[in-house]
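Me: I have a structure I'd like to go through with you, one question at a time. Could you take a look and help me read it?

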Amino acid sequence: MKKLWNTFSNGIINENPVLRLVIGMCAPLAVTTAVVNGFWMGIAVIFVLTASNALVSLLRKVVPAEIRIPIFIVVIATFTTVADLTLKAIQPEIHAKLGVFVPLIVVNCIILARAEAFASKNNLIQSVADGLGMALGFTLSLLILASIRELLGNGTWWGFNVLPASFEPAVVMILPPGAFVTLGYLLSGLNLITGKSGDN
Amino acid sequence: MQSPVRLGLILMTICIVAAGLLAFTNAKTGPIIAQNEQQQLETALRELLPEAETFEPDEEEDKVFYRGRRGEAEVGIVAVFSQTGFGGLMKLALGVNKDGEVTGFQILQHAETPGLGAKITEEEFICQFVGKSANDDFILGQDIQGISGATISSESVTDCVKTLAAEIRDKYDLGSNG
């Protein structure tokens with residue numbers, strides 16, 4: 001049980017894909033202009049990562065080493081397409097806003113990295129815990145990034161006006177440079193808290 | 001190294017299962033997606049030309065004209081049209097009544113910059129077009145107040161409305177004496 005919890009929390013804190021490993025940064029930088037976009041992107045990743053980890057783990061004994069990568073890609077692409085079509089059916093407006101970034105989950109390296117590094121070597125329950133933890137870590141990072149950017153760049157949170165009318169939004173925050181600035185401060189802030197400095 | 005045939009067969013089996021799952025998902029979500037799009041279109045048509053009761057599509061290469069009818073009489077046209085903006089293709093819909101007057105305008109889809117160009121979908125910008133005549137000049141800065149920080153998006157939308165309104169007027173001979 002302890003081990004399961006460690007696997008699960010690993011992706012949220014120690015090896016948070018966005019804020020610790022800094023991999024798969026395309027979607028985190030691009031879709032975090034609004035909290036609601038970050039949330040739905042996170043949901044899609046939670047589904048794809050957990051499902052692909054589960055299936056890769058189940059198939060780990062029948063998949064020959066030589067063709068494991070194409071098989072992982074087929075599995076991931078299938079779940080991504082399922083997520084894309086489902087999102088389009090239940091949330092057409094959000095789907096239109098996220099645009100190409102949902103299909104791009106296929107090439108998000110977190111998914112393939114977890115399949116290769118974890119799910120193909122561990123049992124089903126551990127792999128699901130790992131997938132859920134990693135995806136939740138991803139989602140939380142997106143929500144933090146998007147909250148900062150939407151608040152400062154548009155004066156709203158989840159579309160609601162939360163700042164006084166006298167607040168003049170800094171539009172740069174929801175433009176691409178704002179994504180890098182926010183990410184930079186987040187990463188350095190996190191290093192400050194955890195006591196890791198740049199010189200190790 | 002295992003035999004290539006065996007490897008191929010394993011990969012094929014997995015692909016067949018994947019294709020099956022995708023076919024299932026598509027069958028489940030396809031009708032909902034089509035229905036959503038149809039609904040969005042119908043709502044837009046109704047808002048753009050409230051006078052009309054029925055719409056009859058009249059398709060051309062890159063645009064669709066909907067001839068709005070009330071009973072037998074033709075009351076106006078709604079055109080659905082794509083145009084390149086600042087961030088990529090935009091899908092616009094413009095309603096013009098039989099007097100050549102713009103009755104409504106909507107942006108159905110766009111990929112403009114959030115917070116800047118995306119403001120073209122806001123009421124404040126959109127409603128400037130309503131009530132204009134197809135014969136008007138639609139000059140940005142005079143007739144239409146553009147969005148600051150989003151010149152290209154504003155220009156693109158304004159040009160598009162102007163061209164389209166004129167095209168509808170000529171094609172269907174609307175408000176020709178006005």
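Me: Thanks for looking! Let's start with the strands: which residue in S5(B) does B:Ala93 stand opposite?

Reply: Happy to help, and please keep in mind that this is a predicted model. Strand S4 (residues 89-97) of chain B and strand S5 (residues 102-109) of chain B run antiparallel and are joined by six bridges. Within S5(B), the residue opposite B:Ala93 is B:Gln106.

Me: Which residue in the turn between S4(B) and S5(B) has a positive phi?

Reply: These two strands form a hairpin, with four residues between them. The turn holds a glycine whose phi is about 80°, and that residue is B:Gly100.

Me: Going back along chain B, which residue of S2(B) is the bridge partner of B:Thr54?

Reply: Strand S1 (residues 54-59) of chain B is joined by six bridges to strand S2 (residues 63-70) of chain B, and the two run antiparallel. A hairpin of three residues links S1(B) to S2(B). On the S2(B) side, B:Thr54 has as its bridge partner B:Arg69.

Me: And what is the bridge partner of B:Val64 in S3(B)?

Reply: S2(B) also pairs with strand S3 (residues 73-84) of chain B, antiparallel and through eight bridges. The hairpin between S2(B) and S3(B) has two residues in between, and B:Gly71 in its turn has a positive phi of about 65°. For B:Val64, the partner in S3(B) is B:Val80.

Me: What is the phi of B:Gly88, in the turn between S3(B) and S4(B)?

Reply: S3(B) and S4(B) run antiparallel, with nine bridges joining them. One bridge pairs B:Thr84 with B:Leu89 of S4(B). The hairpin has four residues between the strands, and B:Gly88 in the turn has a positive phi of about 130°.

Me: Now the interface: how much area do chain A and chain B bury between them?

Reply: In terms of contacts, 21 residues of chain A meet 21 residues of chain B. Carbon and sulfur atoms account for 82% of the buried area, and the total is about 1,800 Å².

Me: Which three residues supply 24% of the area that chain A buries against chain B?

Reply: No other three residues of chain A supply more of the area it buries against chain B. The trio is A:Glu66, A:Leu85 and A:Ala89.

Me: Which residue of chain B meets A:Lys88 in a salt bridge?

Reply: The count of salt bridges between chain A and chain B is one. Its N to O distance is 3.9 Å, which fits the 4 Å limit for a salt bridge. The side chain that A:Lys88 meets is that of B:Glu37.

Me: Which helix gives the largest share of the side of chain A that touches chain B?

Reply: By class, that side has 15 nonpolar, four polar and two charged residues. Eleven residues of it come from one helix, residues 68-90 of chain A, and that is helix H4.

Me: Why does the salt bridge of A:Asp130 and A:Arg114 tie together separate parts of chain A?

Reply: The two side chains meet at 3.0 Å, N to O. A:Asp130 sits in helix H7 (residues 124-154) of chain A and A:Arg114 in helix H6 (residues 109-119) of chain A, so the parts this pair ties together are apart in sequence by 16 residues.

Me: Last one: what is the angle between the planes of A:Trp5 and A:Phe8?

Reply: A search over all chains finds nine aromatic pairs. A:Trp5 and A:Phe8 are three residues apart in helix H1 (residues 2-12) of chain A, so about one helical turn separates them. Their rings form a tilted pair, 5.7 Å centre to centre, and the angle between the planes is 40°.

Terms used: Residues are numbered from 1 along each chain as its sequence is written. Chains are lettered from A and ligands numbered from 1 in the order in which they are written. This is a predicted model: local features need pLDDT of at least 70, side-chain atom pairs count only at pLDDT 80 or more; totals for chains, interfaces and linings use all residues. Side-chain values use heavy atoms; hydrogens and water are left out. Contact means heavy atoms within 4.5 Å. Buried area is the accessible area (1.4 Å probe) that two parts lose on being put together, summed over both. Ala, Val, Leu, Ile, Met, Phe, Trp, Tyr, Cys and Pro count as nonpolar, Asp, Glu, Lys and Arg as charged, and the others, Gly among them, as polar. Two strands pair if DSSP finds at least two bridges between them. Rings of Phe, Tyr and Trp (its six-membered ring) pair if their centres lie within 6.5 Å; planes under 30 degrees apart count as stacked, over 60 as edge-to-face and the rest as tilted.
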